[in-house]
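Student: I would like to learn how to read individual features out of a structural model, going from one residue to its surroundings. Could we work through a case together?
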Amino acid sequence: MVRAQPHLLHVFSTFVPAGPETRTVKIIEALGHEFRHSILAMDGRTDARALLSGKCDVRILDSLPRAGSLKTLMRLRKLFASEKPSAILSYNWGAFDAVFAARTLGFKRLVHHEDGFTSDEAVEFKSRRVTARKLMLPGVFKVVVPSQKLFGIATGLWKLAPTHVSCIPNGVALDHFAPADGHPQLRRELGIPEKRLVIGACGHLRPEKNPLRLLRAAARIEREQDFHVLILGDGPERAACEALARSTASLYGRVTFAGHVADPTQHYRVMDLFAISSDTEQMPVALIEAMASSLPVVSTEVGDVRAMLPDEQGEFVVPLGQHETVWPLAEKLTALLKDAAKRRAFGAANRRRAEERYSFHGMLRAYRDVYQAATARA
(Lines give C-alpha, C1' and ligand atoms only; values in the text may rest on other atoms or scores of the structure.)
Protein backbone atom coordinates (compact mmCIF):
# COMPACT_ATOMS: atom_id res chain seq x y z
CA MET A 1 0.00 0.00 0.00
CA VAL A 2 1.40 3.41 -1.03
CA ARG A 3 1.53 5.87 1.83
CA ALA A 4 -0.24 9.19 1.17
CA GLN A 5 1.85 12.34 1.07
CA PRO A 6 2.32 13.63 4.62
CA HIS A 7 0.72 17.04 5.06
CA LEU A 8 2.89 19.77 6.64
CA LEU A 9 1.02 22.83 7.92
CA HIS A 10 3.41 25.80 8.25
CA VAL A 11 2.40 28.66 10.57
CA PHE A 12 4.24 31.99 10.26
CA SER A 13 3.59 35.31 11.93
CA THR A 14 4.03 36.83 8.44
CA PHE A 15 4.95 35.20 5.14
CA VAL A 16 7.15 37.87 3.58
CA PRO A 17 10.46 37.30 1.74
CA ALA A 18 12.71 37.26 4.81
CA GLY A 19 15.18 34.63 6.07
CA PRO A 20 12.96 31.85 7.53
CA GLU A 21 10.28 32.29 4.87
CA THR A 22 12.74 32.21 1.96
CA ARG A 23 14.53 29.20 3.43
CA THR A 24 11.22 27.37 3.85
CA VAL A 25 10.24 28.01 0.23
CA LYS A 26 13.57 26.60 -0.96
CA ILE A 27 13.16 23.52 1.24
CA ILE A 28 9.59 22.98 0.00
CA GLU A 29 10.75 23.20 -3.62
CA ALA A 30 13.69 20.86 -3.02
CA LEU A 31 11.52 18.27 -1.23
CA GLY A 32 9.32 18.12 -4.32
CA HIS A 33 6.40 15.76 -3.88
CA GLU A 34 7.59 14.06 -0.70
CA PHE A 35 5.12 16.22 1.26
CA ARG A 36 2.16 18.45 0.57
CA HIS A 37 2.14 21.82 2.28
CA SER A 38 -0.25 24.43 3.65
CA ILE A 39 0.96 27.86 4.73
CA LEU A 40 -0.80 30.15 7.20
CA ALA A 41 0.37 33.74 7.77
CA MET A 42 -1.05 35.05 11.03
CA ASP A 43 -1.06 38.66 9.77
CA GLY A 44 -2.40 37.79 6.32
CA ARG A 45 0.73 38.94 4.46
CA THR A 46 1.78 36.35 1.90
CA ASP A 47 4.26 38.24 -0.31
CA ALA A 48 6.66 35.27 -0.24
CA ARG A 49 4.16 33.15 -2.17
CA ALA A 50 5.67 34.79 -5.27
CA LEU A 51 8.82 32.74 -4.61
CA LEU A 52 6.92 29.47 -5.10
CA SER A 53 7.29 27.95 -8.56
CA GLY A 54 3.91 26.24 -8.56
CA LYS A 55 5.49 22.84 -9.17
CA CYS A 56 4.81 21.59 -5.62
CA ASP A 57 1.57 20.97 -3.75
CA VAL A 58 1.29 24.15 -1.67
CA ARG A 59 -1.86 25.89 -0.44
CA ILE A 60 -1.93 29.39 1.05
CA LEU A 61 -4.61 29.40 3.75
CA ASP A 62 -6.80 32.37 4.55
CA SER A 63 -5.52 34.25 7.57
CA LEU A 64 -7.42 34.13 10.85
CA PRO A 65 -8.81 37.50 12.00
CA ARG A 66 -6.92 38.63 15.08
CA ALA A 67 -9.41 38.87 17.90
CA GLY A 68 -7.43 38.58 21.12
CA SER A 69 -5.33 35.64 22.20
CA LEU A 70 -8.16 33.38 23.38
CA LYS A 71 -10.27 33.73 20.22
CA THR A 72 -7.18 33.33 18.04
CA LEU A 73 -6.32 30.19 19.98
CA MET A 74 -9.79 28.75 19.47
CA ARG A 75 -9.74 29.54 15.75
CA LEU A 76 -6.37 27.82 15.38
CA ARG A 77 -7.68 24.78 17.25
CA LYS A 78 -10.64 24.63 14.84
CA LEU A 79 -8.32 24.96 11.83
CA PHE A 80 -5.97 22.21 13.03
CA ALA A 81 -8.88 19.89 13.79
CA SER A 82 -10.28 20.50 10.30
CA GLU A 83 -6.99 20.19 8.39
CA LYS A 84 -5.71 17.15 10.33
CA PRO A 85 -2.08 17.79 9.31
CA SER A 86 0.56 15.10 9.61
CA ALA A 87 2.70 17.71 11.40
CA ILE A 88 2.45 21.39 12.31
CA LEU A 89 5.54 23.56 11.73
CA SER A 90 5.56 26.84 13.66
CA TYR A 91 8.08 29.63 13.20
CA ASN A 92 9.29 31.96 15.96
CA TRP A 93 7.42 33.80 18.70
CA GLY A 94 5.02 35.48 16.29
CA ALA A 95 3.47 32.07 15.56
CA PHE A 96 3.58 30.77 19.13
CA ASP A 97 -0.23 30.79 19.34
CA ALA A 98 0.01 27.72 17.09
CA VAL A 99 2.09 25.95 19.75
CA PHE A 100 -0.53 26.72 22.42
CA ALA A 101 -3.36 25.59 20.13
CA ALA A 102 -1.65 22.34 19.16
CA ARG A 103 -0.68 21.51 22.73
CA THR A 104 -4.20 22.13 24.08
CA LEU A 105 -5.49 19.73 21.42
CA GLY A 106 -3.02 17.12 22.62
CA PHE A 107 -1.26 17.33 19.23
CA LYS A 108 2.42 16.41 19.63
CA ARG A 109 3.58 16.20 16.01
CA LEU A 110 4.73 19.79 16.13
CA VAL A 111 8.14 21.12 15.06
CA HIS A 112 8.85 24.62 16.34
CA HIS A 113 11.52 26.71 14.62
CA GLU A 114 13.34 29.53 16.39
CA ASP A 115 15.43 31.74 14.11
CA GLY A 116 16.09 34.73 16.33
CA PHE A 117 14.47 37.70 17.96
CA THR A 118 12.81 40.92 16.87
CA SER A 119 13.82 44.38 18.08
CA ASP A 120 11.74 44.07 21.27
CA GLU A 121 14.04 41.26 22.48
CA ALA A 122 17.31 42.36 20.87
CA VAL A 123 18.74 43.48 24.22
CA GLU A 124 16.71 41.68 26.91
CA PHE A 125 14.39 38.67 26.82
CA LYS A 126 10.77 39.11 27.92
CA SER A 127 10.11 36.95 30.99
CA ARG A 128 6.58 36.03 29.84
CA ARG A 129 7.93 34.62 26.59
CA VAL A 130 10.70 32.73 28.37
CA THR A 131 8.11 31.16 30.70
CA ALA A 132 5.84 30.23 27.78
CA ARG A 133 8.70 28.52 25.97
CA LYS A 134 9.73 26.64 29.12
CA LEU A 135 6.18 25.37 29.59
CA MET A 136 5.19 24.59 26.00
CA LEU A 137 8.28 23.52 24.09
CA PRO A 138 9.10 20.33 26.06
CA GLY A 139 5.83 18.89 24.70
CA VAL A 140 6.54 19.44 20.99
CA PHE A 141 8.24 16.83 18.82
CA LYS A 142 11.36 18.90 18.12
CA VAL A 143 12.71 22.46 18.34
CA VAL A 144 14.90 23.49 15.38
CA VAL A 145 17.45 26.31 15.58
CA PRO A 146 20.08 27.44 13.05
CA SER A 147 22.85 28.66 15.38
CA GLN A 148 24.93 27.48 18.30
CA LYS A 149 23.97 30.63 20.19
CA LEU A 150 20.28 29.73 19.90
CA PHE A 151 21.04 26.14 20.86
CA GLY A 152 22.61 27.50 24.04
CA ILE A 153 19.56 29.66 24.75
CA ALA A 154 17.17 26.76 24.15
CA THR A 155 19.05 24.34 26.40
CA GLY A 156 20.10 26.92 28.99
CA LEU A 157 17.43 29.61 29.35
CA TRP A 158 14.45 27.52 28.18
CA LYS A 159 15.73 24.36 29.95
CA LEU A 160 15.18 22.03 26.97
CA ALA A 161 17.04 18.74 26.82
CA PRO A 162 19.84 18.85 24.21
CA THR A 163 18.31 15.84 22.47
CA HIS A 164 15.07 17.81 22.08
CA VAL A 165 16.79 20.55 20.03
CA SER A 166 18.15 20.14 16.49
CA CYS A 167 20.76 22.70 15.42
CA ILE A 168 20.60 22.85 11.61
CA PRO A 169 22.92 25.48 10.11
CA ASN A 170 21.55 27.43 7.19
CA GLY A 171 22.92 26.51 3.80
CA VAL A 172 22.90 27.78 0.23
CA ALA A 173 23.24 26.22 -3.23
CA LEU A 174 26.93 27.00 -3.62
CA ASP A 175 27.07 26.32 -7.34
CA HIS A 176 24.67 29.24 -7.93
CA PHE A 177 27.17 31.78 -6.61
CA ALA A 178 30.05 33.07 -8.73
CA PRO A 179 32.99 35.08 -7.35
CA ALA A 180 32.28 38.81 -7.24
CA ASP A 181 33.68 40.33 -10.44
CA GLY A 182 32.01 43.74 -10.64
CA HIS A 183 29.30 42.60 -13.10
CA PRO A 184 29.67 45.75 -15.29
CA GLN A 185 26.28 45.37 -17.02
CA LEU A 186 24.27 45.12 -13.79
CA ARG A 187 26.38 47.89 -12.26
CA ARG A 188 25.37 50.17 -15.14
CA GLU A 189 21.72 49.19 -14.74
CA LEU A 190 21.92 50.10 -11.05
CA GLY A 191 23.54 53.45 -11.86
CA ILE A 192 26.75 52.74 -9.94
CA PRO A 193 29.86 54.45 -11.38
CA GLU A 194 32.37 52.00 -12.84
CA LYS A 195 35.30 52.49 -10.47
CA ARG A 196 33.51 52.91 -7.16
CA LEU A 197 34.03 50.18 -4.56
CA VAL A 198 30.66 48.78 -3.55
CA ILE A 199 29.65 48.03 0.04
CA GLY A 200 26.71 45.63 -0.14
CA ALA A 201 23.98 44.68 2.31
CA CYS A 202 21.03 42.31 1.93
CA GLY A 203 18.04 41.71 4.17
CA HIS A 204 14.55 42.76 5.15
CA LEU A 205 14.77 46.39 6.29
CA ARG A 206 13.40 45.94 9.80
CA PRO A 207 14.51 47.87 12.92
CA GLU A 208 16.52 44.94 14.33
CA LYS A 209 18.57 44.82 11.08
CA ASN A 210 19.50 48.48 11.75
CA PRO A 211 20.28 49.53 8.15
CA LEU A 212 20.48 53.13 9.41
CA ARG A 213 23.62 52.15 11.36
CA LEU A 214 25.29 51.02 8.15
CA LEU A 215 24.47 54.30 6.41
CA ARG A 216 25.69 56.35 9.37
CA ALA A 217 28.93 54.36 9.34
CA ALA A 218 29.28 54.84 5.56
CA ALA A 219 28.83 58.59 6.05
CA ARG A 220 31.98 58.54 8.23
CA ILE A 221 34.21 56.67 5.75
CA GLU A 222 37.31 58.69 4.88
CA ARG A 223 36.49 61.20 2.17
CA GLU A 224 39.19 60.06 -0.26
CA GLN A 225 37.57 56.63 -0.56
CA ASP A 226 35.39 56.36 -3.66
CA PHE A 227 32.63 54.05 -2.42
CA HIS A 228 29.00 53.23 -3.07
CA VAL A 229 26.43 51.45 -0.86
CA LEU A 230 24.10 48.90 -2.48
CA ILE A 231 21.19 47.80 -0.29
CA LEU A 232 19.06 44.81 -1.31
CA GLY A 233 15.77 44.44 0.52
CA ASP A 234 12.62 46.25 1.49
CA GLY A 235 10.73 46.89 4.70
CA PRO A 236 9.57 49.49 7.22
CA GLU A 237 13.01 51.12 7.62
CA ARG A 238 13.44 51.89 3.92
CA ALA A 239 11.85 55.35 4.00
CA ALA A 240 14.09 56.48 6.89
CA CYS A 241 17.15 55.08 5.10
CA GLU A 242 16.28 56.88 1.88
CA ALA A 243 15.73 60.15 3.78
CA LEU A 244 19.13 59.82 5.48
CA ALA A 245 20.85 59.08 2.15
CA ARG A 246 19.26 62.16 0.58
CA SER A 247 19.98 64.51 3.47
CA THR A 248 23.61 63.51 4.22
CA ALA A 249 26.17 65.24 2.00
CA SER A 250 28.73 62.41 2.17
CA LEU A 251 26.07 59.86 1.10
CA TYR A 252 24.23 61.85 -1.54
CA GLY A 253 24.41 59.98 -4.85
CA ARG A 254 26.33 57.13 -3.23
CA VAL A 255 23.48 54.84 -2.12
CA THR A 256 21.34 52.58 -4.30
CA PHE A 257 18.21 50.92 -2.91
CA ALA A 258 17.47 47.93 -5.14
CA GLY A 259 14.39 46.83 -3.19
CA HIS A 260 13.51 43.20 -2.72
CA VAL A 261 15.47 40.98 -5.12
CA ALA A 262 14.05 37.46 -5.39
CA ASP A 263 17.38 36.01 -6.56
CA PRO A 264 20.32 38.19 -5.44
CA THR A 265 23.07 35.95 -6.84
CA GLN A 266 23.98 38.41 -9.61
CA HIS A 267 23.84 41.42 -7.29
CA TYR A 268 26.51 39.92 -5.02
CA ARG A 269 28.84 40.00 -8.04
CA VAL A 270 28.55 43.80 -8.08
CA MET A 271 29.82 44.10 -4.49
CA ASP A 272 33.40 44.49 -3.28
CA LEU A 273 32.61 43.79 0.37
CA PHE A 274 29.58 42.81 2.41
CA ALA A 275 28.31 44.48 5.58
CA ILE A 276 25.97 43.50 8.41
CA SER A 277 24.88 46.21 10.86
CA SER A 278 22.18 44.32 12.80
CA ASP A 279 21.33 44.53 16.49
CA THR A 280 20.44 40.84 16.51
CA GLU A 281 21.01 37.89 14.17
CA GLN A 282 21.55 34.18 14.57
CA MET A 283 22.92 32.67 11.37
CA PRO A 284 22.21 35.06 8.50
CA VAL A 285 21.59 33.39 5.15
CA ALA A 286 22.72 36.59 3.42
CA LEU A 287 26.11 36.21 5.12
CA ILE A 288 26.49 32.68 3.73
CA GLU A 289 25.50 33.95 0.28
CA ALA A 290 28.11 36.68 0.50
CA MET A 291 30.74 34.17 1.63
CA ALA A 292 29.79 31.88 -1.28
CA SER A 293 30.32 34.90 -3.57
CA SER A 294 33.91 35.26 -2.26
CA LEU A 295 33.18 38.56 -0.52
CA PRO A 296 35.03 39.85 2.54
CA VAL A 297 32.78 40.85 5.45
CA VAL A 298 32.46 43.61 8.04
CA SER A 299 29.80 42.93 10.67
CA THR A 300 28.46 43.77 14.08
CA GLU A 301 29.07 40.95 16.57
CA VAL A 302 25.71 39.21 16.56
CA GLY A 303 24.64 35.57 16.72
CA ASP A 304 27.12 33.11 15.23
CA VAL A 305 28.71 35.62 12.84
CA ARG A 306 32.16 35.55 14.43
CA ALA A 307 32.20 31.73 14.49
CA MET A 308 30.95 31.52 10.90
CA LEU A 309 33.82 33.60 9.54
CA PRO A 310 37.45 32.40 9.35
CA ASP A 311 39.60 33.51 12.28
CA GLU A 312 41.51 36.11 10.29
CA GLN A 313 38.34 38.18 9.88
CA GLY A 314 37.69 38.37 13.61
CA GLU A 315 39.08 41.90 13.80
CA PHE A 316 36.39 43.02 11.35
CA VAL A 317 33.56 41.88 13.62
CA VAL A 318 32.59 44.92 15.69
CA PRO A 319 31.17 44.56 19.24
CA LEU A 320 27.80 46.19 19.73
CA GLY A 321 27.48 49.40 21.74
CA GLN A 322 24.82 52.03 22.10
CA HIS A 323 26.39 54.85 20.06
CA GLU A 324 30.05 53.97 19.62
CA THR A 325 29.40 51.06 17.22
CA VAL A 326 29.07 53.40 14.22
CA TRP A 327 32.66 54.67 14.39
CA PRO A 328 34.38 51.24 14.63
CA LEU A 329 32.15 50.02 11.80
CA ALA A 330 33.25 52.99 9.69
CA GLU A 331 36.91 52.29 10.52
CA LYS A 332 36.65 48.64 9.48
CA LEU A 333 34.84 49.53 6.27
CA THR A 334 37.52 52.10 5.45
CA ALA A 335 40.32 49.61 6.17
CA LEU A 336 38.91 47.02 3.76
CA LEU A 337 38.17 49.60 1.08
CA LYS A 338 41.85 50.60 1.20
CA ASP A 339 43.27 47.05 1.02
CA ALA A 340 42.51 45.15 -2.21
CA ALA A 341 44.85 42.27 -1.29
CA LYS A 342 43.06 41.72 2.02
CA ARG A 343 39.67 41.81 0.30
CA ARG A 344 40.79 39.10 -2.11
CA ALA A 345 42.32 36.92 0.61
CA PHE A 346 39.30 37.22 2.91
CA GLY A 347 36.91 36.56 0.04
CA ALA A 348 38.73 33.37 -0.96
CA ALA A 349 38.80 32.15 2.65
CA ASN A 350 35.07 32.82 2.99
CA ARG A 351 34.26 30.79 -0.12
CA ARG A 352 36.26 27.85 1.25
CA ARG A 353 34.44 28.08 4.60
CA ALA A 354 31.06 28.13 2.86
CA GLU A 355 31.99 25.02 0.85
CA GLU A 356 33.11 23.20 3.99
CA ARG A 357 30.16 24.01 6.25
CA TYR A 358 27.16 25.64 4.60
CA SER A 359 25.87 23.63 1.64
CA PHE A 360 22.17 23.58 0.85
CA HIS A 361 22.18 19.80 0.44
CA GLY A 362 23.48 19.28 3.97
CA MET A 363 20.79 21.57 5.38
CA LEU A 364 18.09 19.86 3.30
CA ARG A 365 19.07 16.38 4.53
CA ALA A 366 18.79 17.52 8.13
CA TYR A 367 15.35 19.13 7.67
CA ARG A 368 14.07 16.10 5.75
CA ASP A 369 15.16 13.84 8.61
CA VAL A 370 13.28 15.95 11.17
CA TYR A 371 10.10 16.17 9.08
CA GLN A 372 10.11 12.46 8.21
CA ALA A 373 10.56 11.55 11.87
CA ALA A 374 7.73 13.90 12.92
CA THR A 375 5.27 12.64 10.31
CA ALA A 376 6.14 8.97 10.92
CA ARG A 377 3.96 9.25 14.03
CA ALA A 378 0.93 10.39 12.03
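Student: Let us begin with a single residue: is Glu208 buried or exposed?

Tutor: Keep in mind throughout that this is a predicted model. Burial is read from relative accessible area, with buried meaning under 20%; Glu208 has a value of 4%, so Glu208 is buried.

Student: With which residue does the side chain of Glu208 meet in a salt bridge?

Tutor: Side chains of opposite charge can pair when their charged atoms come close. Here the side chain of Glu208 meets that of Arg206 in a salt bridge, at 2.6 Å from N to O. Arg206 counts as partly exposed, because its relative accessibility is 23%.

Student: How many salt bridges does the structure hold, and which residue forms one with Arg59?

Tutor: The structure holds 18 salt bridges. The partner of Arg59 is Glu83, and the closest N and O atoms of this pair are 2.4 Å apart. Glu83 belongs to helix H2 (residues 69-83) whereas Arg59 belongs to strand S3 (residues 58-60), so the salt bridge ties together parts that are 24 residues apart in sequence. As for their surroundings, Glu83 is buried, with a relative accessible area of 18%, while Arg59, at 35% relative accessibility, counts as partly exposed.

Student: Which residue meets Lys209 in a salt bridge, and how far is N from O?

Tutor: The side chain of Lys209 meets that of Glu281, with 2.9 Å from N to O. This pair links distant parts of the chain, 72 residues apart: Lys209 sits in the loop between strand S8 (197-202) and helix H7 (211-218), and Glu281 in the loop between strand S11 (273-276) and helix H10 (285-292). Both Lys209 and Glu281 are buried. Salt bridges can also join into a network, as they do for Arg196, Asp226 and Arg254.

Student: Turning to sheets, in what order do the six strands of the open sheet run, and is the pairing parallel or antiparallel?

Tutor: Strands of a sheet pair through backbone hydrogen bonds, either parallel or antiparallel. In this model the order is S10-S9-S8-S11-S12-S13, and the pairing is parallel. The edges are formed by strand S10 (255-259) and strand S13 (317-318), each of which pairs on one side only. Within the sheet, S11 and S12 run parallel and are joined by three bridges, and Phe274 stands opposite Val297 in S12.

Student: Which strands does H10 lie across, and at about what angle does H10 run to S11?

Tutor: H10 lies across S8, S11 and S12, and runs at about 165 degrees to S11. In the loop between H10 and strand S12 (297-300) one finds Ser294, which has a positive phi of about 60 degrees although it is not a glycine.

Student: Where does Lys84 lie, and what is its phi?

Tutor: Lys84 lies in the loop between H2 and strand S4 (87-91), and has a positive phi of about 50 degrees without being a glycine. Its relative accessible area is 64%, so Lys84 is exposed.

Student: How many residues does the largest nonpolar core have, and which of them have the most contacts inside it?

Tutor: The largest nonpolar core has 34 residues, and those with the most contacts inside it are Val11, Leu40, Phe80 and Trp158. Among the elements that give two or more residues to this core are S1, H2, helix H3 (96-104) and helix H4 (127-136); the largest share, five residues, comes from H3. Beyond its neighbours within four places in sequence, Val11 is in contact with residues including Leu40, Met42, Phe80 and Ile88.

Student: Finally, which backbone oxygens does the side chain of Thr375 reach?

Tutor: Thr375 lies in helix H14 (residues 360-375), and a polar atom of its side chain lies 2.9 Å from the backbone oxygen of Tyr371. The side chain of Thr375 also reaches the backbone oxygen of Gln372, at 3.3 Å. Because its relative accessibility is 1%, Thr375 counts as buried. A comparable reading applies to Gln5, in the segment before strand S1 (7-12), where a polar atom of the side chain of Gln5 lies 2.8 Å from the backbone oxygen of His33; Gln5, at 30% relative accessibility, counts as partly exposed.

Conventions:
Residues numbered from 1 in each chain as written. Predicted model: local features only at pLDDT ≥ 70, side-chain atom pairs only at ≥ 80, totals over all residues. Heavy atoms only, no water. Helix = DSSP H or I, 4+ residues; strand = E, 2+ residues; numbered from the N terminus. Buried < 20%, exposed > 50% of the residue type's maximum accessible area, 1.4 Å probe, protein only. Polar contact = N/O pair within 3.5 Å; in protein donor to acceptor, adjacent residues only side chain to side chain. Salt bridge = Lys/Arg side-chain N within 4 Å of Asp/Glu carboxyl O. Pairing = 2+ DSSP bridges. Contact = heavy atoms within 4.5 Å. Axes fitted to C-alpha atoms, helices over the stretch in contact; angles between N-to-C directions. Core = buried A, V, L, I, M, F, W, Y, C linked by side-chain atoms within 4.5 Å.
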